[in-house]
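Okay, thanks everyone, let's get going. I'll put the structure up and then talk through a few spots in it.

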Amino acid sequence: MAAAAPHMVPPTSPATSRSKVPKWSGLSASLSFSPSVQGRTSSLRHHSRIRASSAGRDASPNQPPSSSAMKAITEDVEMMQQREDRRVEKAQAKEKADARERERRWQESHQPRDDLAPRWREVAGRDNWVGMLDPFDPLLRAELIRYGEFAQACYDAFDFDPYSRYCGGCKYSRRSFFQSLDMANAGYEVTRYLYATSNVKLPNFSRRSKRNNAWSESANWIGYIAVSDDATTVRLGRRDIVVCWRGTVTQLEFIADLVNFHQPVYAEGIPCPDRSVQVAAGFVNLYTDKNTDCRFSSYSVRDQVLAEVRRQVLRYAEERGEEVSISMTGHSLGAPSPPSAPTTVIPVTVYSFAGPRLGNEPFKERFEEILGLKSLRVVNVHDVVPKVPGLIINENVPEFMRRAGAAMPWSYCHVGVKLALDHKRSPFLKDTAEASCFHNLEAYLHLLDG
C-alpha cells in the first residue's frame with residue numbers, strides 16, 4: 001500500500017490556537033520524556049487509539065488526535081513520569097541511607113566502644129588475652145581495628161611522589177592530620193611527628209625527592225604520637241598515648257634490608273644490663289641513628305619517642321593525676337617493638353600487624369618478663385614476613401635449642417601473643433598468587449572485621 005500523504009492542518013488565528021490543544025506536530029516538543037517513558041511511546045499510542053475509539057472518535061494515524069485523545073495521552077505520560085520520579089527518588093534515598101550507614105560505621109571504627117572503660121586493662125593484655133582470642137572477643141576486635149586504622153593512616157599520609165618537594169615526608173600538617181584523612185572523629189590529637197634518618201641500611205624504607213629544593217636530604221617521616229582528647233579519654237577509661245609507626249614503602253623488599261645479623265642493644269647506647277640481649281642490626285640502626293646536620297633527624301627516633309612520651313606522662317599522669325596508658329601500633333617494619341620501652345611504670349601494649357621477628361631469646365625474656373610489656377601480634381598464616389628472620393632457630397623450636405643458639409646470628413624469636421588469621425577462609429577475599437597481597441594491612445583489617 002502506498003504511504004498516505006501527510007495531513008495538512010489549515011492555519012488558525014493566534015486566538016484560536018491558544019484556546020485549543022497543541023497540534024500533533026508539536027507534541028514531542030511540548031512534553032518532557034524520561035528515557036524509560038520514551039521507550040513506551042508506541043504503547044501509549046496504542047492505548048490512546050483504543051481509548052479514542054471507545055469514545056467514538058476517529059483515531060486514524062493519518063489524522064491529528066482529538067482533544068480527548070490528547071488528554072488521555074498527556075495523563076498517561078504524566079502518570080508514568082510520576083512513577084518513574086518516585087522510583088528514582090526511592091533509589092536515591094536508599095543510596096543516601098547506605099552512604100550514611102557506611103560513614104557511620106567508618107567513623108565508629110575510629111571511636112572506642114562505650115563499654116570499653118571498665119574492661120580496658122583486660123583488652124590491653126593484663127591477662128595476656130587468655131580467653132579473648134577463641135572465641136574472638138568483640139571488644140578486642142573493635143580495638144584492634146581502631147589501632148590498625150591508626151597504623152594505616154601512616155601509609156595514607158606518606159608522600160610517595162618522587163617529584164614532590166615533600167617526598168618522604170607527611171602530606172598533611174600535624175594539626176589537620178586526622179581531618180585530612182577523614183578521621184576527624186578519631187578523638188586523638190597528634191602531638192609530634194617522628195622522623196628517622198634515611199642514612200640507615202634500610203634503602204627500601206626511605207624515599208627521597210628528585211627535586212633540588214627537597215624538604216630534607218636525610219630524613220624520612222616515620223610516624224606520629226597522638227593523645228586522646230577529654231571526651232575519648234572518658235570512653236577509654238584512661239588517657240591513651242599512642243605511638244604509630246610506618247612500615248616499608250615497598251612490598252616485600254625489606255626482608256633483604258634487615259641486615260640479617262644480631263647487634264647488642266647496649267652497643268647502640270640503649271641501657272641494658274644483660275649484654276646478651278640482641279636485635280636485628282637494621283632495626284636498631286633505624287631506631288638509634290641520627291644526623292645532627294638535619295633539623296628533622298638531629299635526634300634519633302628513640303630520643304624523639306622518649307622525650308614526647310615523658311612530656312605527656314608528666315602532663316597527664318603526674319600533674320593531673322590521670323590514669324595513663326601507652327599503646328604502640330605499626331605494620332610490617334613498623335610492627336616490631338622498639339628495643340626499649342619509654343617507661344615500665346605505665347602499662348605499655350603493642351598491637352603489631354604482620355611484623356617480622358626482632359630479637360633473640362634473651363630479648364624476648366627481657367621484653368615479656370623483666371619489663372612486663374604486652375604485645376598482641378596479628379598475622380596472616382600465609383604471610384611470609386612474620387616468618388622471618390629466624391627460619392632455622394625461632395620460638396617454635398624446643399627451648400634447649402633456642403638457648404643453645406641464642407648467640408647465633410640466625411636465632412630470632414617473636415615476642416607476645418599471636419592472633420592468627422587466614423585470608424583463604426574469608427568468603428569476601430579472592431585468593432591470589434601475589435605474596436604482597438597476603439601482607440597488605442587493609443587485608444588484615446578486613447579479616448579482623450569479619
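I'll go from the sheet to the aromatics, then to two charged side chains and one helix. Keep in mind that this is a predicted model.

So, the sheet. It's an open one with seven strands, and the pairing is mixed. Reading across, the order goes β1-β2-β3-β6-β7-β8-β9. The edge strands are β1, residues 188-197, and β9, and each of those pairs on one side only. From one strand to the next, the twist averages 20 degrees. If you zoom in on β2 (219-228) and β3 (239-245), they run antiparallel to each other, with five bridges. Ile-225, for instance, has Val-243 in β3 as its bridge partner.

Now the rings. There are 16 aromatic pairs in the structure, and I'll pick out two. Phe-150 and Tyr-188 are edge-to-face, with centres 4.9 Å apart and 70 degrees between the planes. That pair links distant parts of the chain, since Phe-150 is in helix α7 and Tyr-188 is in strand β1, 38 residues apart. Are those rings buried or exposed? Phe-150 is buried, at a relative accessible area of 1%. Tyr-188 comes in at 7%, and because the cut-off for buried is under 20%, Tyr-188 counts as buried too.

The second pair is Phe-178 with Tyr-224, also edge-to-face, at 6.0 Å centre to centre and 80 degrees between planes. Phe-178 sits in helix α8 (177-180) and Tyr-224 in strand β2, so this pair ties together parts 46 residues apart in sequence. Both Phe-178 and Tyr-224 are buried. And these four rings belong to one aromatic cluster, whose members also include Tyr-147, Trp-221 and Tyr-351.

Next, charges over rings. Arg-246 lies over the face of Phe-158, 4.2 Å from the ring centre. Over at Tyr-266, the charged end of Arg-275 sits above the ring, at 4.2 Å from its centre.

Last stop, helix α15, residues 441-449. Which of its residues are buried? Those are Leu-441, Ala-443, Tyr-444, Leu-445, Leu-447 and Leu-448. What covers them includes α7 and α14, along with strands β6, β7, β8 and β9. So α7, where we found Phe-150, turns up here again as part of that cover. At the start of α15, a side-chain oxygen of Asn-440 comes within 2.8 Å of the backbone nitrogen of Glu-442. Just past the helix, Gly-450 has a positive phi of about 85 degrees.

That's my tour, over to you.

Definitions and conventions
Residues are numbered from 1 along each chain as its sequence is written. Side-chain values use heavy atoms; hydrogens and water are left out. Buried means under 20% relative accessible area, exposed over 50%, partly exposed in between (1.4 Å probe, protein chains only). Helices (H or I, at least four residues) and strands (E, at least two) are DSSP runs, numbered from the N terminus. Contact means heavy atoms within 4.5 Å. A polar contact is a pair of N or O atoms within 3.5 Å; within protein, one must be able to donate a hydrogen and the other to accept it, and residues adjacent in sequence count only if both atoms are side-chain atoms. Two strands pair if DSSP finds at least two bridges between them. Axes are lines fitted to C-alpha atoms, for helices over the stretch in contact, and angles run from 0 to 180 degrees between N-to-C directions. Rings of Phe, Tyr and Trp (its six-membered ring) pair if their centres lie within 6.5 Å; planes under 30 degrees apart count as stacked, over 60 as edge-to-face and the rest as tilted. A charge sits over a ring if NZ of Lys or CZ of Arg is within 6 Å of the ring centre and within 35 degrees of the ring normal.
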